[in-house]
Amino acid sequence: MSDASTPPPEEQQSQAPLIEHLIELRSRLLKAVIIVVVIFIGLYAFSNDIYRFVADPLVALLPVGSKMIATEVTSPFLAPFKLTMVVAVFAAIPFILYQAWAFIAPGLYKHEKALAFPLLASSILLFYGGAAFAYYVVFPLLFSFFVHTGPQDVTVMTDINAYLNFVLKMFFAFGVAFEIPIATFLVIWTGITDVASLSKKRPYVILICFIIGMLLTPPDIISQSLLAVPMWLLFEVGIIFGRIVQRRRHDDPDPAD
């Protein structure tokens, strides 16, 4: 006589793969957390140097006698600590995404794997490219505008924690914005839309780019344009790659799995 609380063999068999997937997911998440912690430990000794590097675009433009300040007791410790943790996560992104790739790859078809890995690598490079664009192009122009347009009798002395929050927001905004070619390519590749339809919506896309620039950057036309214009150009790059996808589909409409 079987126990009523014991699930039937069919249900047990269906639960087994789910449990195995959950165990694998936990294992890969644990590996990602460990690598972030290891990188953080290795970088922590250089936390102040990392903060100085990030603050350099503003510090280099401050008037003589001006400097950054800490308005909170814990800021001299917490600001570099927070920045080092974020840098550790940024540095671990390739490994984290690899763990995600290794988890989902067994469920993909052969032609999907051939496309997914280049997209994954491209998304990493584009995100880093967006952060680098913000640091080397946007920050010098933006901070120069802010520092030199204020009243002459106002001394610029930025709080280190407020500055960190600002630059992290900008890094994230530009990093995500530079993913637009990948997003555009994916909506075309999956058949959600096509190149002709996206091309017709170009004026609306440009308007949305400037709205996003307005929401994610300080309220000045320079910083908004520095985000909106690259977003629009990257959208055009996605359109170009989308055309390539459509042409290949036309030549080979039924790719082998």
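Leaving aside neighbours within four places in sequence, Leu-168 is in contact with Lys-82, Leu-83 and Val-86; contact here means heavy atoms within 4.5 Å. Leu-168 lies in helix α5. With a relative accessible area of 15%, Leu-168 is buried. The term buried denotes under 20% relative accessible area, exposed over 50%, and partly exposed the range in between (1.4 Å probe, protein chains only). Along the chain, Leu-168 and Val-54 are 114 residues apart, and their C-alpha atoms are separated by 9.8 Å.

The model is predicted: local features need pLDDT of at least 70, side-chain atom pairs count only at pLDDT 80 or more, and totals for chains, interfaces and linings use all residues. Residues are numbered from 1 along each chain as its sequence is written, and side-chain values use heavy atoms, with hydrogens and water left out.

The protein chain has nine helices and zero strands. Helices (H or I, at least four residues) and strands (E, at least two) are DSSP runs, numbered from the N terminus. In sequence order the pattern reads α-α-α-α-α-α-α-α-α. The chain has 257 residues, of which 33% count as buried. Among contacts with a separation of 6 or more, 84% join residues 24 or more positions apart. The exposed surface of the protein chain is about 15800 Å², and carbon and sulfur atoms supply 70% of it. Accessible areas come from the Shrake-Rupley method with a 1.4 Å probe; for residues, only the protein chains shown count as cover.

Two packed helices are described by the angle between their axes and the distance between the axes. Helix α2 (residues 47-59) packs on helix α3 (residues 75-104) at an angle of about 85 degrees, and their axes are 9 Å apart. Helix α2 is therefore roughly perpendicular to α3. From α2, the contact draws on Ser-47, Asn-48, Ile-50, Tyr-51 and Val-54; from α3, on Ala-79, Pro-80, Leu-83, Thr-84 and Val-87. Seven of the residues in the contact of α2 with α3 are nonpolar, three are polar and none is charged. In this classification Ala, Val, Leu, Ile, Met, Phe, Trp, Tyr, Cys and Pro count as nonpolar, Asp, Glu, Lys and Arg as charged, and the others, Gly among them, as polar. Axes are lines fitted to C-alpha atoms, for helices over the stretch in contact, and angles run from 0 to 180 degrees between N-to-C directions. Angles under 35 degrees count as roughly parallel, over 145 as roughly antiparallel, 65 to 115 as roughly perpendicular and the rest as oblique.

Thr-84 sits in helix α3. Its relative accessible area is 0%, so Thr-84 is buried. Beyond residues up to four places away in sequence, Thr-84 touches Phe-40, Leu-43, Tyr-44, Ser-47 and Ile-50.

Helix α2 also meets α5. Their axes come within 11 Å and cross at roughly 85 degrees. Again, α2 is roughly perpendicular to its partner, here α5. Tyr-51, Val-54, Ala-55, Pro-57 and Leu-58 of α2 face Ile-160, Asn-161, Tyr-163, Leu-164, Val-167 and Phe-171 of α5 in this contact. The contact of α2 with α5 comprises 10 nonpolar residues, one polar and no charged.

The largest nonpolar core has 40 residues. Such a core is a set of buried Ala, Val, Leu, Ile, Met, Phe, Trp, Tyr and Cys residues joined through side-chain atoms within 4.5 Å. Tyr-51, Met-68, Phe-139, Tyr-163, Val-167 and Phe-171 have the most contacts inside this core. Two or more residues each come from α2, α3, α4 (110-149), α5 (160-177), α6, α7 (195-200), α8 (202-216) and α9 (221-251). Helix α5 gives the largest share, nine residues. Apart from this core lies another, of five residues, among them Leu-115, Leu-119, Phe-185 and Val-245.

In helix α6 (residues 180-189), the buried residues include Ile-180, Pro-181, Phe-185 and Ile-188. Just after α6, Gly-191 takes a positive phi of about 85 degrees. Leu-234 is found in helix α9. Its relative accessibility is 14%, so Leu-234 counts as buried. Outside its neighbours within four places in sequence, Leu-234 is in contact with Ala-177, Phe-178, Ile-180 and Pro-181.

Thr-217 occupies the loop between α8 and α9. At 6% relative accessibility, Thr-217 is also counted as buried. Not counting residues up to four places away in sequence, Thr-217 touches Met-170, Ser-223, Gln-224 and Leu-227.
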